[in-house]
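Please open the model in your viewer and keep a selection panel at hand. The tour below proceeds from one selection to the next.

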Amino acid sequence: MPRPLWAGAISFGLVTIPVKIMSATEDHDVHFHRVHLTDMGRVRTRKVCELDGEVVSQDEIGKGYEIAKGETVPVTDEELDQMPLPTAKAIEIAAFVDADSIDPVRISDSYYLAADGQVAAKPYTLLRKALERSSKVAVAKFSWHGRERLGLLRIREGAIVLHSMKWPDEVRSPDELAPREVEVGEDEIKQALQLAEQMTIADLSGFHDEYREALEGIIASKAEGKPLPSPAEDGKPEKGEVVDLMAALNASVKAAEESRGERGENATVHEMRPSKKTARKAPAKKTAASKKSTASKKTAAKKRSAS
């Protein structure tokens, strides 16, 4: 496990649980340096004062807040540390809510909470079992990087996880982004549901970053002086191409069935409505049926005359 990022305690009513915070995720992105293309020398960022043009060292840099144009007040780290925050070294549980009542858009970074010492083992286990049996999550307040944040406590594989959350007023309303009302047919909805059912999986562990793998392949080829891998063909429709929604859904359902090794025995793919060409051929079938009916009548008439 990585080194602890923070040490404090969970405050659960009168119960105190000493914990250490460790990041629950890790970065696997490929990071580039900025270089001078002529000689591959590193390009560094210089911190320059805009008033005197001098390069400033890190110990000369502080925080300031602009209260008006050209007027800035300094704020020191000591002043921030002395702010009366009750959550400075505590994750204070404020309430419990149903897990499905939390909008995922509010969830940010994730951290594991580890019991800090043997004295924390029993209250840590108590809180974990309470969350597991209630099927609820705990909403908490805590201090992180100089500001108070809202957090969410839940259980993952026997460990308590802390999710940093956005405050309610930090989430923008999507009202203006919603598309205008359009009519969607029941057949289209059923096809979409069938496609979702075909694409349902129980485990996400098979997902991997294909872009990062391709990027690592390019870097390896360049390092070894080999030709770059050829780009994969893009099967997406060209911009401006009109796609038949029902046809696309039907094709997607069939592709999902094939990818899962199914042959369609249990599938209920709805056929698309007949096209105009099919509708024109319909009278021909009716004519054939009428000819068959006429022939049957003539045969019956001959039998009656013979008798």
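Which residue in E8 is the bridge partner of Met22? Select Met22 and display E8: the partner is Tyr112. Please bear in mind throughout that this is a predicted model.

**The pairing around E2**

Keep E2 (residues 15-23) and E8 (residues 107-115) on display. These two strands pair in the antiparallel sense, over 5 bridges. Next, add E1, which spans residues 6-12. E1 and E2 are also paired in the antiparallel sense, here over 7 bridges. Within this pairing, select Ile10 and look across to E2, where Ile17 stands opposite. Then move to the turn: E1 and E2 form a hairpin with 2 residues between them. Gly13 lies in that turn and has a positive phi of about 65°.

**The largest nonpolar core**

Select Ile10, Val19, Ile21, Ile91, Leu113, Leu153 and Ile160. Of the 21 residues in the largest nonpolar core, these touch the most other members. To see where the core draws its residues from, colour the elements that give two or more residues to it: strands E1, E2, E7, E8, E9, E10 and E11, together with helix H2 (121-134). E9 supplies the largest share, 4 residues. Apart from this core lies another, of 6 residues, which includes Ile102, Val137, Leu150 and Met165.

Now centre the view on Val19 and show its surroundings. Leaving aside residues up to four places away in sequence, Val19 touches Trp6, Ala7, Gly8, Ala9 and Ile10, among others. Its further contacts include Ile91, Leu113, Ala114, Asp116 and Tyr124.

**A patch on the surface**

Turn to helix H3, residues 186-198, and select Ile189, which is located there. Is Ile189 buried or partly exposed? The relative accessible area of Ile189 is 34%, so this residue counts as partly exposed. Add Val182, Val184 and Leu193 to the selection: with Ile189 they make a nonpolar surface patch of about 360 Å². Ile189 can belong to such a patch because its 34% passes the cut-off of over 30% relative accessible area.

**The whole chain**

Finally, zoom out to the full protein chain, which has 6 helices and 11 strands. Of its 307 residues, 18% count as buried. The chain exposes about 24,800 Å², and carbon and sulfur atoms supply 54% of that area. Among contacts with a separation of 6 or more, residues 24 or more positions apart account for 59%.

Definitions and conventions:
Residues are numbered from 1 along each chain as its sequence is written. This is a predicted model: local features need pLDDT of at least 70, side-chain atom pairs count only at pLDDT 80 or more; totals for chains, interfaces and linings use all residues. Side-chain values use heavy atoms; hydrogens and water are left out. Patches are made of residues with over 30% relative accessible area and no salt bridge: like charges are joined within 9 Å, nonpolar side chains (Val, Leu, Ile, Met, Phe, Trp, Tyr) within 5 Å. Accessible areas come from the Shrake-Rupley method with a 1.4 Å probe; for residues, only the protein chains shown count as cover. A salt bridge is a side-chain nitrogen of Lys or Arg within 4 Å of a carboxyl oxygen of Asp or Glu. Buried means under 20% relative accessible area, exposed over 50%, partly exposed in between (1.4 Å probe, protein chains only). A nonpolar core is a set of buried Ala, Val, Leu, Ile, Met, Phe, Trp, Tyr and Cys residues joined through side-chain atoms within 4.5 Å. Contact means heavy atoms within 4.5 Å. Two strands pair if DSSP finds at least two bridges between them.
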